[in-house]
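Trainee: Could you take me on a close look at a single part of this protein, and then show me how that part fits into the rest? I am new to this, so please go step by step.

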Amino acid sequence: MQLLSSNVNLDSFFDNLSQAQERILLLDYDGTLAPFHVERDKAFPYPGVKELLDEICQTQTTQLIIISGRAIKDLIPLLNLNPLPEIFGSHGWEHLTNKGKYTLELSDSHLEKVLAQARQHIEELGLTGLLEQKPVSLAIHWRGKDTETINFIQSQVRRVWENLESIENLELHDFDGGLELRVTGKDKGTAVESIISNLDSRETPMIAYLGDDNTDEDAFKFLKDKGLSVLVREHLRPTNADLWIKPPEELLQFLGKWKMACLDK
Ligand SMILES: O=P(O)(O)OC[C@H]1O[C@H](O[C@H]2O[C@H](CO)[C@@H](O)[C@H](O)[C@H]2O)[C@H](O)[C@@H](O)[C@@H]1O
């Protein structure tokens with residue numbers, strides 16, 4: 001574990017966590033809880049992660065929330081948690097409460113047409129096999145391909161999607177292993193913002209957010225001075241996070257310390 005911010009003391013964080021009235025653990029999924037896998041539907045959590053998350057939930061003293069770029073329906077079988085925690089999917093456009101109430105914030109027929117057009121461009125390029133269709137976005141994946149192929153795919157897809165980006169309410173985002181055409185207006189930062197603004201209690205809760213990718217930086221930025229941001233990654237990169245941990249060992253240590261803090265009370 002490496003501290004990246006001089007304002008953070010990890011021992012004090014966990015001491016305060018054990019004393020806290022309210023705890024919120026925000027978790028990204030791919031690359032954070034689960035190692036990357038070429039086959040998206042086989043990206044299961046690192047061994048030991050599911051058990052620790054179950055144990056943390058069983059303490060009933062932590063609000064555990066998953067915040068992912070994935071569609072919620074694809075995340076549920078991989079998470080395999082029972083009961084299911086609250087989930088923000090599709091970068092915050094989808095929401096599932098811990099009581100099972102599902103909402104998709106955006107329903108726009110014009111946008112559906114534009115996304116269908118973006119999909120058609122991919123079909124014309126012969127790249128449909130690399131496409132992931134999500135409720136309000138399209139992602140193209142190149143994990144497992146060689147550098148030359150990646151450069152080719154990337155330039156072709158950018159060329160056709162950039163045109164749509166310039167005329168519509170859409171934005172291109174790079175992520176680990178691909179490129180996504182997303183509707184603007186929501187990201188993981190706005191998801192964290194809505195969680196915090198909807199809190200009932202007057203006490204400031206102890207919050208941590210664990211993530212690995214560029215898309216998690218929006219959450220890290222929003223959490224500055226409000227909670228602990230943790231970059232979970234094999235290699236350090238420029239980041240807004242306060243702490244860097246390497247998965248899976250340090251991730252298991254972090255979750256284990258969180259669980260112990262919940263039991264300390
Ligand atoms: O926000 P996250 O939970 O980190 O999700 C980010 C993207 O994850 C998935 O793609 C990534 O993981 C796949 C499985 O390991 C891998 O094949 C791919 O290369 C990665 O980019 C998911 O398919 C995307 O929809 C998410 O946006």
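Mentor: Let's start at Leu210 in this predicted model. Setting aside its neighbours within four places in sequence, Leu210 is in contact with Leu25, Leu26, Leu27, Asp28, Thr32, Val230, Val232, Leu251 and Phe254. Two of those partners, Leu25 and Phe254, come up again when we look at the largest nonpolar core, which has 39 residues. Leu25, Leu210, Leu228, Phe254 and Trp258 are the members that touch the most other members there. Helix α8, covering residues 249-264, gives this core its largest share, six residues. There is also a second, separate core of 25 residues, and among its members are Leu106, Trp142, Leu164 and Leu172. A general tendency is worth remembering here: in soluble globular proteins, nonpolar side chains tend to be buried together.

Now follow α8 back to its start. The loop between β13 (243-245) and α8 holds Pro248, and the peptide bond from Pro247 to Pro248 is cis, with omega near 0°. You can find another cis bond between Asn82 and Pro83, where omega is about 5°. Pro83 sits in the loop between α3 (72-79) and β4 (86-89). Most peptide bonds are trans, and most residues other than glycine have a negative phi.

Helix α8 also leads us to α2, which spans residues 49-58. The buried residues of α2 are Val49, Leu52, Leu53, Asp54 and Ile56. Their cover includes β2, β3 (63-67) and α8. Before α2 comes a loop that runs from β2 (23-27) and contains Asp41. Asp41 has a relative accessible area of 55%, so it counts as exposed, since the cut-off for that is over 50%. Its C-alpha atom is separated by 38 Å from that of Asp15, although the two are 26 residues apart along the chain.

On the other side of α2 comes Gln60, in the loop between α2 and β3. Gln60 is not a glycine, yet its phi is positive, about 55°. Its relative accessibility is 73%, and therefore Gln60 counts as exposed. Compare Ser90, in the loop between β4 and β5 (94-96). Ser90 is also a residue other than glycine with a positive phi, near 50°. Here, though, the relative accessibility is 3%, so Ser90 counts as buried.

Finally, step back to the whole chain. The protein chain has eight helices and 13 strands, and buried residues make up 50% of its 265 residues. Among contacts with a separation of 6 or more, 56% are between residues 24 or more positions apart. The C-alpha atoms fill a box of roughly 60 × 35 × 35 Å along the principal axes. A compact globule of 265 residues would have a radius of gyration near 18 Å, and the chain's 19 Å agrees with that. The chain exposes about 12900 Å², with carbon and sulfur atoms supplying 47% of this area. As for charge, there are 28 positive and 43 negative side chains, and the centres of the two sets lie 2 Å apart.

Notes: Residues numbered from 1 in each chain as written. Predicted model: local features only at pLDDT ≥ 70, side-chain atom pairs only at ≥ 80, totals over all residues. Heavy atoms only, no water. Core = buried A, V, L, I, M, F, W, Y, C linked by side-chain atoms within 4.5 Å. Buried < 20%, exposed > 50% of the residue type's maximum accessible area, 1.4 Å probe, protein only. Helix = DSSP H or I, 4+ residues; strand = E, 2+ residues; numbered from the N terminus. Contact = heavy atoms within 4.5 Å. Rg over C-alpha atoms; globule rule 2.2 N^0.38 Å. Areas by Shrake-Rupley, 256 points an atom, 1.4 Å probe, with all protein chains shown as cover. Lys, Arg positive; Asp, Glu negative; His and termini not counted. Charge placed at Lys NZ, Arg CZ, Asp CG, Glu CD.
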